[in-house]
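The following explanation is intended to accompany the sequence and the coordinates. Please keep both in view while reading.

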Amino acid sequence: MSDSGPVDDTPFTRLVFELNLISRHSLATTRRRPGFLLDRSAFLILTRLELSEPLSLRELSEAFQLDISTINRQVGAMLKQELVERVPDPDGGVARKVRATTEGRAALTADQEHRAAGIGAVVADWDADDVSELSRLMQKFNRSVERIEENPWPRPPRTDS
C-alpha cells in the first residue's frame with residue numbers, strides 16, 4: 001500500500017476501477033482463448049451485421065467510428081475467411097454492401113454461446129434480480145456512452161416486457 005495520502009473510496013472511483021477490471025476480462029475472450037472461433041474485430045462486425053441489413057464499408061466505418069482503411073482491412077480478412085460476402089445494395093445504391101455468410105453466422109452463434117456460457121458460470125450463484133439489475137445498469141451505461149458519442153447501437157428485440 002502507498003503512503004501517498006488518503007484513499008479515494010467514492011462510488012465513482014470504485015466504478016472506474018471496476019470498469020478497468022472488466023475491460024481486462026473481456027479482452028481475454030478472443031480467438032487466442034480455447035473454444036473461440038473469431039477474433040475481436042470479426043466478432044464485433046458480425047454482431048453489428050446480425051442486427052441490421054447489409055452495410056457498406058462507409059456505414060461500418062461510421063458505426064465503429066474507425067477509419068475506413070481499418071474497416072476495409074478487417075472486412076478483407078473476413079472475406080478471405082468466408083465469414084462475410086459483398087452483395088449489391090438492396091436499395092439500388094452504387095456501393096456494394098457486406099453481409100454475413102452462413103459460415104460467418106454459424107461462427108458468431110458459436111462464439112456467442114461460448115461467451116454466454118462463460119458469463120453464465122460467473123453469475124451462476126447470483127440471484128435473478130441481481131442479474132437483471134446488472135443488465136439494466138449496463139444497458140443504461142452503454143446508452144449513455146452512445147448518446148455522448150452520438151452513435152446509437154441497434155439492439156435485438158426484447159422478448160420480455
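**From one residue to the whole fold**

Thr109 has a relative accessible area of 36% and is therefore classed as partly exposed, since that class lies between the limits of 20% for buried and 50% for exposed. The model in which this residue is examined is a predicted one. Thr109 belongs to helix α5, which spans residues 102-122. In sequence, 66 residues separate Thr109 from Phe43, yet the C-alpha atoms of Thr109 and Phe43 lie 9.8 Å apart in space.

The wider setting may now be considered. The protein contains 6 helices and 2 strands. Read from the N terminus, the order of these elements is α-α-α-α-β-β-α-α, so that four helices precede the two strands and two helices follow them. Along the principal axes, the C-alpha atoms occupy a box of roughly 60 × 35 × 30 Å. Among contacts between residues at least 6 apart in sequence, 47% connect residues that are at least 24 apart.

Phe43 falls within the range of helix α2, residues 40-50, and this helix merits attention for its packing. The axis of α2 and that of helix α3, residues 57-64, come within 12 Å and cross at roughly 110 degrees. An angle from 65 to 115 degrees counts as roughly perpendicular, and α2 and α3 are therefore roughly perpendicular to each other. On the α2 side, the residues that meet α3 are Leu44, Ile45, Arg48 and Leu49. Their counterparts in α3 are Leu60, Ala63 and Phe64.

A further residue of interest lies towards the other end of the chain. Glu146 is part of helix α6, which covers residues 128-149. Is Glu146 buried or exposed? Its relative accessibility is 12%, and Glu146 therefore counts as buried, the limit for that class being under 20%. When residues up to four places away in sequence are set aside, Glu146 touches Asn151, Pro152, Trp153 and Arg155.

The account closes with the surface and the charges of the protein. Of its 161 residues, 24% count as buried. The accessible surface amounts to about 11700 Å², and carbon and sulfur atoms contribute 56% of this area. The side chains include 22 that are positive and 26 that are negative. The centres of these two sets of charges are 5 Å apart.

Note on methods: Residues are numbered from 1 along each chain as its sequence is written. This is a predicted model: local features need pLDDT of at least 70, side-chain atom pairs count only at pLDDT 80 or more; totals for chains, interfaces and linings use all residues. Side-chain values use heavy atoms; hydrogens and water are left out. Buried means under 20% relative accessible area, exposed over 50%, partly exposed in between (1.4 Å probe, protein chains only). Contact means heavy atoms within 4.5 Å. Accessible areas come from the Shrake-Rupley method with a 1.4 Å probe; for residues, only the protein chains shown count as cover. Lys and Arg count as positive and Asp and Glu as negative; His and the chain ends are not counted. The place of a charge is taken as NZ of Lys, CZ of Arg, CG of Asp or CD of Glu. Axes are lines fitted to C-alpha atoms, for helices over the stretch in contact, and angles run from 0 to 180 degrees between N-to-C directions. Angles under 35 degrees count as roughly parallel, over 145 as roughly antiparallel, 65 to 115 as roughly perpendicular and the rest as oblique.
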